[in-house]
Amino acid sequence: MKLELRGITKRFGSLTANDRISLTVEPGEIHCLLGENGAGKSTLMNVLYGLYQADEGEILLDDVVQHFSGPGDAMKAGIGMVHQHFMLIPVFTVAENVMLGHEQTRGLGRLDLPAARARVREISARFGFDVDPDAVVEHLPVGVQQRVEIIKALSRDAKVLVFDEPTAVLTPQETDELMDVMRRLKEQGTGIVFITHKLREVREVADRITVIRLGKVVGEASPTAGNTELASLMVGRAVELTVHKEPAQPVDSGLTVNGLTVLDAAGAKVVNDVSFEVRGGEILAIAGVQGNGQTELTEALLGLQAKVEGSIELDGVELAGRSVRQVLDAGVGFVPEDRNEDGLVGEFSIAENLMLDRSSGAPFVRGGNVQTKALNAFAEEKLKEFDVRAASIQTPVGRLSGGNQQKVVLARELSRELRLFVAAQPTRGLDVGSIEFVHKRIVAARDAGVPVIVVSTELDEVAALADRIAVMYRGGIVGIVPGDTPRDVLGLMMAGEHHTSEGEAA
């Protein structure tokens, strides 16, 4: 089925999110929609999927104009969407999720689960998905959950599939598996719209690339185009794809972690006897496959974990056992790995989010009252300094793109006098322009003499930022090595092989 968008325009008040956008997706083609966060990619796809109504323009399928009043109409017409944040019920089985909203019954109104199971098996066999229809979704790895989303769409005879930032929550291995899935879908005639900002993925699977910037199509590019060319089209300027930093000049003071152990609710050790130090003026990157204790480690440093053993000293002051408020007041800045869940209040304005960790006193609160003038002046300054693209400081932060939300978090955390900066997955889901900005700010914090911990599952990011690298595996540190350690050595360590500080096998 051929998909064509002609002159799609979508406005939100005075903001034009899509400005006369046109593109075509042929059957059996992977058409990549490339652009920065906030460029209008997801808005365009929400128009296609019937979630938004276009103010101008047309949607055509096989040259027939369509009128979608909601996602149900789009699905009936053969359009499916795999969302960045999965639309699954965690406690339901795969089969139950697949039939949800399209329930079939038999007998006395009973749900026809056998038919749903058979449909899951049939689609899994056709595309090599290997998904158990009776598995409970919350027990499945993230990569398999995404396959369930794809099966949902295919079970409704989708001829065009939209993948909206599908790799944002995947490991590198799961990403490679998704690329294979997309190729198999393409071979069987499915048209695919692939929304992303990751240049490697674009060049790996795209047949055609359309680049949009600030709501407009600014050009088409070949998958053979270089990263620099694609990045420049996305951002509208030359982008530094490598991190430039001078050699670290560490000092003696900083963070010392000794014998840190974190227990989960069942008493199991999710962080096991971890020890390391980070000196002022250096970046320690913590690498590893997601789920090996990194999250619990950073939460322990911030006082967010209840069952903690061991010592956490910052400039000789013990932080273990202190409340989150006390840790923040001790000069710790924190960028959480999930900005929406732990870093921001979506309904609050940008200005309100900028004062979240300074809401108990000067300069923004006096006598229990918010000092609006001081807060607004501060927010206006940070909006410019951190290049947050928003209509005003009163815009609810939940309406911002992922990159702009992350800039708000960074603006808040880096605008205090810090003695330690912890950034967990600081560029997850960000485009190349935002990544460049975030990396420069992290290096600037290091160069100002602050001890910096960066937790990342992206090896490219670890290699770009780290002065030293600690690799975690099953809750422990298998080695701490120099920042220029080869990727193959890091890969072995991430699989559990212990190394000395010189990077040689122990």
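This tour moves from the whole protein to selected strands, loops and residues.

**Before selecting anything**

The model is predicted: local features need pLDDT of at least 70, side-chain atom pairs count only at pLDDT 80 or more, and totals for chains, interfaces and linings use all residues. Residues are numbered from 1 along each chain as its sequence is written, and side-chain values use heavy atoms, with hydrogens and water left out.

**Stop 1: the whole protein**

Display the C-alpha trace, which spans about 70 × 50 × 50 Å along its principal axes. In a cartoon view, 17 helices and 24 strands make up the secondary structure; helices (H or I, at least four residues) and strands (E, at least two) are DSSP runs, numbered from the N terminus. The radius of gyration is 24 Å, close to the 23 Å that the globule rule gives for 506 residues, so the protein is as compact as a globular protein of that length. Here the radius is taken over C-alpha atoms, and the rule is 2.2 Å times the number of residues to the power 0.38.

Colouring by accessibility shows 53% of the 506 residues as buried. Buried means under 20% relative accessible area, exposed over 50%, and partly exposed in between (1.4 Å probe, protein chains only). The accessible surface comes to about 22,000 Å², and 49% of that belongs to carbon and sulfur atoms; areas come from the Shrake-Rupley method with a 1.4 Å probe, and for residues only the protein chains shown count as cover.

Contacts (heavy atoms within 4.5 Å) can be sorted by sequence separation. Among those between residues at least 6 apart in sequence, 64% join residues at least 24 apart.

Next, select the charged residues. The mean positions of the 52 positive and 72 negative charges are 5 Å apart. Lys and Arg count as positive and Asp and Glu as negative, while His and the chain ends are not counted; each charge is placed at NZ of Lys, CZ of Arg, CG of Asp or CD of Glu.

**Stop 2: strands E1, E4 and E5**

Select residues 3-12, strand E1, together with residues 56-61, strand E4: the two run antiparallel and are joined by 5 bridges. Two strands pair if DSSP finds at least two bridges between them. Add residues 64-66, strand E5, which pairs with E4 in the antiparallel sense over 3 bridges.

Which residue in E4 is the bridge partner of Leu5? That partner is Ile59, which also stands opposite Gln66 in E5.

Centre the view on Leu5, a residue of strand E1. Leu5 counts as buried, at 2% relative accessibility. Leaving aside neighbours within four places in sequence, Leu5 is in contact with Ile21, Ser22, Leu23, Leu44, Met45, Leu48, Glu58 and Ile59. For a distance reading, pick Ile150: the C-alpha atoms of Leu5 and Ile150 are 23 Å apart, with their positions 145 residues apart in sequence.

**Stop 3: positive phi angles**

E4 and E5 form a hairpin with 2 residues between them, and Asp62 in the turn has a positive phi of about 50°. Asp63 is found in the loop between E4 and E5, and its phi is near 70°, a positive value in a residue other than glycine. Asp63 is exposed, with a relative accessible area of 54%.

Move to Asp387, in the loop between helix H13 (372-385) and helix H14 (402-413). Asp387 has a positive phi near 55° and is partly exposed, with a relative accessible area of 34%.

**Stop 4: strand E6 and the loop after it**

Select Ile79, Gly80, Met81 and Val82. Both faces of E6 are covered: Ile79 and Met81 on one side and Gly80 and Val82 on the other are all buried. Adding residues 160-164 brings in strand E9, which runs parallel to E6 and is joined to it by 4 bridges. Within E9, Leu161 is the bridge partner of Gly80.

Thr93 lies in the loop between strand E6 (79-82) and helix H3 (94-99). Thr93 is buried, with a relative accessible area of 15%. Not counting residues up to four places away in sequence, Thr93 touches Pro133, Asp134, Ala135, Val136 and Val137.

**Stop 5: Gly254**

Finish at Gly254, in strand E13 (residues 254-263). Is Gly254 buried or exposed? At 10% relative accessibility, Gly254 counts as buried. Its contacts beyond four places in sequence include Val278, Arg279, Gly280, Glu313 and Pro451. The C-alpha atoms of Gly254 and Val82 are separated by 44 Å, with the two residues 172 apart along the chain.
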